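Student: Could you go through this structure with me and explain how each term is justified?

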Amino acid sequence: MQHILEAIMTAEGSDQPGRHLAAVAGLPVPESYRGVVVRADETRMFEGLATRDKDPRKALHVQEVPTPELGPGEALVAVMASAVNYNTVWTSIFEPVSTFTFLRRYGRISPLAARHDLPYHVVGSDAAGVVLRTGPGVTRWRAGDEVVAHCLSVELEDAAGHDDTMLDPQQRIWGFETNFGGLAELAVVKANQLMPKPRHLSWEEAASPGLVNSTAYRQLVSPHGANMKQGDVVLIWGASGGLGGYATQLALNGGAIPVCVVSSPDKAELCRRMGAELVIDRAAENFRFWRDEHTQDQDEWRRFGERIRELTGGADPDIVFEHPGRETFGASVYVAKRGGTVVTCASTSGYQHQYDNRYLWMHLKRIVGSHFANYHEAWQANRLVALGRIHPTVSRTYPLEQTGQAAYEVHRNLHQGKVGVRCLAPADGLGVRDPELRARHEDAINRFRGR
């Protein structure tokens, strides 16, 4: 791995980085590499504990693992940086099910897929790095290409996947429902997961948008999601967080009017720095949507709706960008405008949603389920980043050895935006190839730093 890193580092400061990076094609692939794993023999370690009390630091281990053989249509990537998503938290606390269930199921479909069914799971659904090798049939990418990876792994052998690949029956999230993920020194991806690395960003910045930016793009912008248009009022829960931070930017970039819901003055200030004008600090205004564990408070729904109208001049949200789930879903259905859309994913506060169906059916509202993004949507979302229209939301980074701490902070909501992880990159700030474009957007790129 050291020889590979040295070859990549020669591109720093070079006026011909591609020539230096192409040299990785001549280097031997290591027989093993370091990856962040959960272990099959530890899946019961948190039994009896409440979700909040389960500690990712105890389940995530950095260990040496064998390098898998490449299959047709695959690429081996030297990972310079990755990031923590909530699916890494779920993996680390073995909720809602152990991810080894996914790996066993995947392993049954073919001899090639059987590589993934192992007693350890290399996790992570984001990556930025350099292509080392490509498998048979790969023509678009070659060794030395600087890339980011989106996390849709799909077989595309079923007709159902050829209109929208998210509908393929063998669609999986890489690094969550597959092995050999991005929180590691090497990663195995399908070639149709690769996209060009934005040239003005560092490795850790480029790694951070992949999953959440693509998810927000499909959920909010795509016709498969809410199909947002100019002038739409968009209520965004957790608007400064990993997912909401991109939703806020996409709303502003697309001419919509975001109403940002946050839980602290610092988070409210971040939304304003992104350009949002309408912000609700739900903690400061003491919104409590549940009277107790079993009973929602419809008076609070009404108070919340009135507060939104105060900010918008009387308009209800055309779109509600939902991802907290159980805690907020009843309020989301209530406050959406007549004929409006609640678009939902993730459910980080609980999967069992309760709402009053009268406010849905009698007011002709829609609930749209949205899950990650297809390759086209991910590519478009990445293009907006590459153009400097959408910016990374990295607040802090950790070395690979401290991935458990990074996941702990995400689990306990102690972070802002995205928490990055340096895999091979020895420091932050490396990998910038277009300093002029970066200089034009430096403040926006760094606005989450240190939060």
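The conversation below takes up the cavities and then one strand with its partners.

Tutor: Before we start, note that this is a predicted model, in which local features need pLDDT of at least 70 and side-chain atom pairs count only at pLDDT 80 or more, while totals for chains, interfaces and linings use all residues. Residues are numbered from 1 along each chain as its sequence is written, and side-chain values use heavy atoms, with hydrogens and water left out.

Student: What makes a space in this structure a cavity, and how many are there of 30 Å³ or more?

Tutor: A cavity is a set of points, on a 1 Å grid over the protein atoms alone, where a 1.4 Å probe fits but cannot get out. The structure holds three such cavities of 30 Å³ or more, and the largest has a volume of about 90 Å³, a volume being the space filled by probe spheres set on the points, which are joined across faces, edges and corners.

Student: Which residues lie nearest the centre of the largest cavity?

Tutor: Its lining consists of 15 residues (each with an atom within 4 Å of a point), and Val148, Ala206, Pro209, Gly210 and Asn382 lie nearest the centre. The largest share, four residues, comes from helix H13, where a helix is a DSSP run of H or I with at least four residues, a strand is a run of E with at least two, and both are numbered from the N terminus.

Student: How is the lining of the second largest cavity divided by class?

Tutor: That cavity holds about 60 Å³ of space, and its lining has four nonpolar, four polar and two charged residues. Ala, Val, Leu, Ile, Met, Phe, Trp, Tyr, Cys and Pro count as nonpolar, Asp, Glu, Lys and Arg as charged, and the others, Gly among them, as polar; Glu74 and Lys190 are among the lining residues, so they count as charged.

Student: Are the residues of strand E16 buried or exposed?

Tutor: Ile319 and Phe321 point one way and Val320 and Glu322 the other, and all are buried, which means under 20% relative accessible area (1.4 Å probe, protein chains only).

Student: Why are E16 and E17 said to pair?

Tutor: Two strands pair if DSSP finds at least two bridges between them, and E16 and E17 have four, in the parallel sense, so they pair by that rule. Phenylalanine 321 has valine 343 in E17 as its bridge partner.

Student: What makes the unit of E16, helix H11 and E17 right-handed?

Tutor: With the strands pointing away from the viewer, the path from the first strand over the helix to the second runs clockwise in a right-handed crossover, and E16, H11 and E17 make a right-handed β-α-β unit.

Conventions
On a 1 Å grid over the protein atoms alone, a cavity is a set of points where a 1.4 Å probe fits but cannot get out, and a pocket is an open set with protein on both sides within 12 Å along at least five of seven lines; lining residues have an atom within 4 Å of a point. Buried means under 20% relative accessible area, exposed over 50%, partly exposed in between (1.4 Å probe, protein chains only).
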